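I opened a fresh page for this one and went through it step by step. Here are my notes, in the order I looked things up.

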Amino acid sequence: MGMHDDVIGDLRSRIGKTLDDLRSALAKVRTGRANPQLLDSVRVEYYGTPTPLNQVANVTVADPRLIVIKPWEKSMIQPIEKAINAAGLGVNALPDAEVVRVPIPALTEERRKEFVKIVKTKGEEHKIAIRNERRDAKELLEQAIKEGEVAEDAGKKALEKVQAEVDAGIKKVDEIIANKEKDLMQV
């Protein structure tokens with residue numbers, strides 16, 4: 001295991017983190033179908049502490065257009081409703097005695113296209129992040145080659161591996177974006 005393996009391992013893990021970040025950013029982009037991840041960013045006041053929704057209630061998908069939230073304590077129905085309506089997710093929480101229902105409105109063609117633009121922008125931002133990670137890895141390797149810590153031919157092979165990792169990362173971004181677009185355009 002040489003220094004170049006460390007650089008490639010680090011690059012691989014940074015690309016992995018970038019892809020995870022992209023997935024979580026896209027989970028917040030609403031499709032026309034119910035998805036409990038839509039509510040991941042919602043924080044509910046629980047004994048004075050902003051707490052993730054899934055830590056105070058059971059979040060389930062009742063049907064393709066309805067998310068049902070069943071709080072573990074009935075006193076939480078009001079705060080959950082408030083938190084969801086204040087989160088700016090384009091949904092409206094409807095409380096009753098036992099649960100909070102969140103109907104997911106169908107998306108208009110215009111809204112779908114807006115969301116596709118947002119998704120493409122997010123994809124582009126994450127591709128730039130991956131390219132920046134490539135630049136950092138390349139600089140580390142070139143520095144190591146210059147200082148004689150890595151042999152020239154091993155350095156060249158490592159640079160090729162860096163490019164292969166980056167290509168794979170960017171291809172993965174494209175796949176994630178294409179899948180999200182498909183989800184958005186399905187009626």
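**Surface and overall form**

I began with the surface: the protein exposes about 10700 Å², and carbon and sulfur atoms supply 52% of that area. A reminder to myself before going on is that this is a predicted model.

Next I looked up the burial, and found that buried residues make up 38% of the 187 residues.

I then checked the radius of gyration, which is 22 Å for the protein, against a value near 16 Å for a compact globule of 187 residues. The extents of the C-alpha trace fill in the picture, at about 70 × 40 × 20 Å along the principal axes.

For the charges, I compared the mean position of the 32 positive ones with that of the 32 negative ones, and the two lie 5 Å apart.

I also looked at how contacts are spread along the sequence. Of those between residues at least 6 apart, 66% join residues at least 24 apart.

**Counting the elements**

My tally of the secondary structure is four helices and six strands. Reading from the start of the sequence, I wrote down the pattern α-β-β-β-β-α-β-β-α-α.

**The first hairpin**

I started on the strands with S1 (43-46) and S2 (49-52), with Tyr47 in the loop between them. S1 and S2 run antiparallel and are joined by four bridges. In this pairing I found Val44 opposite Thr51 of S2. The two strands form a hairpin with two residues between them.

What is the phi of Tyr47? I read a value near 50°, which is positive in a residue other than glycine. I also asked myself whether Tyr47 is buried or exposed. Tyr47 is exposed, and its relative accessible area is 67%.

**The four-stranded sheet**

Then I traced the open sheet, whose four strands come in the order S3-S4-S6-S5 with antiparallel pairing. S3 and strand S5 (94-95) stand at the edges with a single partner strand each, so one side of each has no neighbour in the sheet.

I followed the bridges from S3 inwards. S3 (residues 57-63) pairs with S4 (residues 66-71) in the antiparallel sense over six bridges, and the two make a hairpin with two residues between them. On the other side, S4 is joined to S6 (residues 100-103) by four bridges, again antiparallel.

Ile69 was a handy residue to follow across the sheet. Ile69 of S4 is the bridge partner of Val59, and in S6 the bridge partner of Ile69 is Val100.

Why is S4 largely enclosed by the rest of the structure? I looked at the residues of S4 and found that five of the six are buried, so the strand is largely enclosed.

**Two lysines in helices**

I finished with two lysines. Lys127 is in helix H3 (residues 109-146), and Lys161 is in helix H4 (residues 152-185).

How much relative accessible area does Lys127 have? My entry reads 14%, and the cut-off for buried is under 20%, so Lys127 counts as buried. Leaving out its neighbours within four places in sequence, Lys127 is in contact with Ile170, Val173 and Asp174.

For Lys161 I noted a relative accessible area of 46%, which makes this residue partly exposed. Which residues does Lys161 touch, not counting those up to four places away in sequence? I found Asp5 and Ile8.

As a last look-up I took the distance from Lys161 back to Tyr46. Their C-alpha atoms are separated by 49 Å, and the two residues are 115 apart along the chain.

Note on methods: Residues numbered from 1 in each chain as written. Predicted model: local features only at pLDDT ≥ 70, side-chain atom pairs only at ≥ 80, totals over all residues. Heavy atoms only, no water. Rg over C-alpha atoms; globule rule 2.2 N^0.38 Å. Buried < 20%, exposed > 50% of the residue type's maximum accessible area, 1.4 Å probe, protein only. Contact = heavy atoms within 4.5 Å. Areas by Shrake-Rupley, 256 points an atom, 1.4 Å probe, with all protein chains shown as cover. Lys, Arg positive; Asp, Glu negative; His and termini not counted. Charge placed at Lys NZ, Arg CZ, Asp CG, Glu CD. Pairing = 2+ DSSP bridges.
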